[in-house]
Amino acid sequence: MCMKVMCDDVAPIPAEKAGVKAWFEQNVKSTQLNPVLQEAEKTRKVIKVGPNGDFKTITKAIASVPSGNKGRVIINLAKGEYNEKIKVERTKPFITFYGEPGTTLQAGGTAAKFGTLDSASVIIESDYFISYNIIFKNTAPRPTAEDTKKGSAGAQAVALRASGDYAAFYECKFIGFQDTLCDDKGGHLFMNCFIEGTVDFIFGSGKSLYLLSDIHVLKDTHKTVITAQAKKEANEDSGYSFVHCNVNADSPKEAHLGRGWFQRSTVVFSYSTMNDGIAPEGWEENKQPIMTLYFAEFQNQGPGATPEARAPFTKKLDATTANLI
């Protein structure tokens, strides 16, 4: 199963998890790279960041990359906590963050200070960004129950905002509470990742595939929701596809897979395992027109996968329909 908006020219992801590695090698890694990326990968430069590196901070390493960069630049990060607010500008494509185990990029920005989008500890605006083995974290305090109820109290605190195209995140962790991961816009792959939060903690207008990843919903005093996808128009090319993921929530039967943020929010969960923390109804329209929302599921399993109890507007896909999305 593979959302067509995610994978236009590749074979469907296999139903068996054991077959995903071979599928990835054949359809993604080995690929038909586009000419721009093929050219960029011919020349590689490595920059080391850390106590004994070329730079002591990631910000200075990024600043050393020229605008209009055309070749892959790999920024190797020594293990440790980097307490800096980081931004990769749109003019600097082909950057890779490559971390040693435990490498953490963190800051404590909140919506009250920066606005939601710019509260992110790390902002990636450039195309062709890759991240491997990085922990993205927002260290802002957990929102109180009153903050969550108000919604506009400025307690949103983003760990990462991904706003470029052709981005890939491997073996990464995204740690926060409300609005952890801003999957803002562009096409993104999240593979073997861990994403944690409370309310709308994967949100935005991205066109993204979440593959073999762990989604963890923390217990909260208020409603918990995984996704708030932001598709607005019928011709907008965006949506989230979760395939072969583990979805676990701390509180029994409370967490929702998603809610309608805008009128055409689009999210699909396939071949995923859900624990009993997922609410039986699964989804919320959130005052959006149910005829235009696209919340769908295909061959999920576990006590939280309850197709018979799902909200009536949920799409229950068969194999043919799933492979045409």
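## Strand pairing and the model

Two strands pair if DSSP finds at least two bridges between them. That rule underlies the sheets described here. The model is predicted.

## The sheet of 11 strands

One open sheet has 11 strands, with parallel pairing. Its order is β1-β2-β5-β8-β11-β14-β17-β20-β23-β26-β27. The edges are held by β1 (44-49) and β27 (315-316). Each of these has a single partner strand, so one side of each is left without a neighbour in the sheet.

Several pairs within this order can be followed residue by residue. Strand β8 (residues 130-132) runs parallel to strand β11 (residues 167-170), and three bridges join them. Here Y132 stands opposite Y170 in β11. β11 also pairs with strand β14 (residues 187-191), in the parallel sense and over four bridges. In that pair, A167 has H188 of β14 as its bridge partner. Further along the order, five bridges join strand β17 (residues 207-211) to strand β20 (residues 239-243). These two strands run parallel as well. Across them, K207 faces its opposite number, G239 in β20.

## S208 and H188

S208 lies in strand β17. Is S208 buried or exposed? S208 is buried, with a relative accessible area of 0%. That value counts as buried because the cut-off is under 20% relative accessible area.

The side chain of S208 makes a polar contact with the side chain of H188, at 3.3 Å. H188 is the β14 residue that bridges to A167. H188 therefore appears twice in this picture: as the bridge partner of A167, and as the side-chain contact of S208.

## The sheet of eight strands

A second open sheet has eight strands, again with parallel pairing. Its order is β3-β6-β9-β12-β15-β18-β21-β24. At the edges stand β3 (81-83) and β24 (273-274). Each has a single partner strand, so one side of each lacks a neighbour in the sheet.

Inside the order, strand β12 (residues 173-175) and strand β15 (residues 194-197) run parallel. Three bridges join them. F174 stands opposite I195 in β15.

## T103, in a loop

T103 sits in the loop between β5 (95-99) and β6 (104-107). β5 belongs to the order of the 11-strand sheet, and β6 to that of the eight-strand sheet. T103 is buried, with a relative accessible area of 0%.

What does the side chain of T103 reach? It reaches the backbone oxygen of E100, at 2.6 Å. Neighbours within four places in sequence aside, T103 is in contact with L77, A78, K79, G80, Y82, N133, I134 and I135. One of these, Y82, falls within β3 (81-83).

## Cysteines without disulfides

How many disulfides does the model have? The count comes to zero. A disulfide is a covalent bond between the sulfur atoms of two cysteines. The sulfur atoms must lie within 2.5 Å to be counted.

Two cysteines show why the count is zero. The sulfur of C182 has its closest cysteine sulfur in C193, 16 Å away, which is too far for a bond. The sulfur of C193 has its own closest cysteine sulfur in C172, at 5.0 Å, and that is also too far for a bond. Both cysteines are buried: C182 has a relative accessible area of 1%, and C193 has one of 2%.

Key. Residues numbered from 1 in each chain as written. Predicted model: local features only at pLDDT ≥ 70, side-chain atom pairs only at ≥ 80, totals over all residues. Heavy atoms only, no water. Buried < 20%, exposed > 50% of the residue type's maximum accessible area, 1.4 Å probe, protein only. Polar contact = N/O pair within 3.5 Å; in protein donor to acceptor, adjacent residues only side chain to side chain. Contact = heavy atoms within 4.5 Å.
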